[in-house]
Amino acid sequence: MGKLYDVIILGAGPGGLSAGLYGGRARLNTLIIEKGKDGGQIAITDSIENYPGQQVEGESGPSLIERMTEQAAKFGCERVSDTIKTAELVGPVKKLIGTKDTYEAKTVIIASGAYPRPIGCKGEQEFLGKGISYCATCDANFFEDFEVYVVGGGDAAVEEAMYLTKFARKVTIIHRRDQLRAAQSIQERAFKNDKLHFMWDSVVEEVKGDGIISEMTVKNVKTGELTEITADPDDGMFGVFGFIGRIPNTELFKNTGLNMDDKGYIPTNDDMHTNIPGVFAAGDCRVKSLRQVVTAAADGAIAATQAEKYINENT
Ligand code: NAP
């Protein structure tokens, strides 16, 4: 503790790094606090092809985020690696209390992102990393020539399932309804992919195995019928990847006076102001209709610009 920053940004995903870039360029004393690797969810995204102007062949989440990190650093944005446990957000000096230190600032930009929602089946925790995964980019190669099941029906599930077909022998999407939520263009590519199969109106009830998943019970939600899926004897295992949405990383802000919706997302106005003066939110942790790199980056830019305005008007 000691230094009073102009802006502290919590999270080094696209929203936080964009806020860092804008904060740094505005000559604000800016600190980004990140507990893990930079990039948030795009650190585990294999290909990025919808960030405007980005035409780099083979662009991945990590390669894009690396350039964002360098750009924020170039403009003097400070960095620290710490896990924030509690926060005091109300008043002229905001405090973020971490496991290593306490950090103080005139403004805070919360860009803490979101994490994968668990599938919710029996055995999920036991088989984490032993058949259960939430990251195709990280774990696809473990399933080279094996069978893989993907739970979900949104953009993420279908895109990641298509990615997994590059590795797995067969990929089956298990979706709780009889039609996908994914964008039409993504669906069209999926239905043309010979390695991709679908189990409609279905949810995973339980995964089982001896150290690694080799059996799974799937329930048809319309008929109640249970299907037992068993690994091919030559394989002895299969993978189950969950892509059923995200949960915002906002738990630590409970009881700080910060407004959140019933799912934990932070409401803001168009200028990223939360209900607490001097506290802004950017990216996937915010209530919004489209959670993408481009919208997170835009949020970060607006939040940092508004933080500067707030400081000029209030200090
Ligand atoms: P999403 O769009 O919210 O879809 C979640 C999917 O999981 C839905 O199909 C939902 O089923 C299903 N689901 C939710 N809870 C479930 C449960 N308890 N059990 C079984 N299934 C469940 O989430 P997402 O696919 O992660 O995408 C999140 C955001 O990122 C979206 O805005 C998306 O557009 C964006 N995204 C974009 C791209 C891209 O543009 N390339 C790629 C990835 C993600 P129902 O359909 O029945 O509700």
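In what order do the five strands of the open sheet stand, and is their pairing parallel or antiparallel? In this predicted model, the order is 8-15-9-10-11 and the pairing is parallel. The edges of the sheet are taken by strand 8 (132-133) and strand 11 (196-199), each of which has a single partner strand, so that one side of each is left without a neighbour in the sheet. Within the sheet, strand 9 (residues 147-151) is joined to strand 10 in the parallel sense over five bridges, and V148 stands opposite V171 of strand 10 in this pairing.

An antiparallel arrangement is found elsewhere in the chain, where strand 13 (residues 213-220) and strand 14 (residues 226-230) are joined by five bridges. These two strands form a hairpin with five residues between them, and in the turn G224 adopts a positive phi of about 80°. Across the hairpin, E215 is placed opposite T230 of strand 14.

The salt bridges were examined next. A search of the whole structure finds 17 salt bridges, including one between D6 and K106, in which the closest N and O atoms are 3.1 Å apart. This pair links distant parts of the chain, since D6 belongs to strand 1 (residues 4-10) and K106 to strand 6 (residues 102-110), 100 residues apart. The two partners are covered to unlike extents: D6 is buried because its relative accessible area of 10% falls under the 20% limit, whereas K106, with a relative accessible area of 21%, is partly exposed.

The turn region of the hairpin also takes part in such a contact, as the side chains of D178 and K222 meet in a salt bridge with an N to O distance of 3.4 Å. Here the loop between strand 10 and helix 5, which holds D178, is linked to the loop between strand 13 and strand 14, which holds K222, the two residues being 44 residues apart. D178 counts as partly exposed at 44% relative accessibility, while K222, at 58%, counts as exposed.

A further salt bridge involves strand 14 itself, where the side chain of E228 meets that of K208 at 3.8 Å, N to O. The pair again links distant parts of the chain, with K208 in strand 12 (residues 202-209) and E228 in strand 14, 20 residues apart. Both residues are partly exposed, K208 with a relative accessible area of 27% and E228 at 48% relative accessibility. In addition, E147, R169, D232 and D235 are joined into one network by salt bridges that share partners.

On the surface, a patch of positive charge is formed by R117, R176, R177, R181 and K263. Of these residues, R181 is placed in the loop between strand 10 (170-174) and helix 5 (184-191), and R181 is exposed because its relative accessible area of 62% lies over the 50% limit.

A separate long-range proximity concerns Q292, which is located in the loop between strand 17 (279-281) and helix 6 (293-314). With a relative accessible area of 28%, Q292 is partly exposed. The C-alpha atoms of Q292 and P14 are separated by 9.1 Å, although the two residues are 278 residues apart along the chain.

Methods. Residues numbered from 1 in each chain as written. Predicted model: local features only at pLDDT ≥ 70, side-chain atom pairs only at ≥ 80, totals over all residues. Heavy atoms only, no water. Patch = residues over 30% accessible without salt bridge, like charges linked within 9 Å, V, L, I, M, F, W, Y side chains within 5 Å. Areas by Shrake-Rupley, 256 points an atom, 1.4 Å probe, with all protein chains shown as cover. Salt bridge = Lys/Arg side-chain N within 4 Å of Asp/Glu carboxyl O. Lys, Arg positive; Asp, Glu negative; His and termini not counted. Charge placed at Lys NZ, Arg CZ, Asp CG, Glu CD. Helix = DSSP H or I, 4+ residues; strand = E, 2+ residues; numbered from the N terminus. Buried < 20%, exposed > 50% of the residue type's maximum accessible area, 1.4 Å probe, protein only. Pairing = 2+ DSSP bridges.
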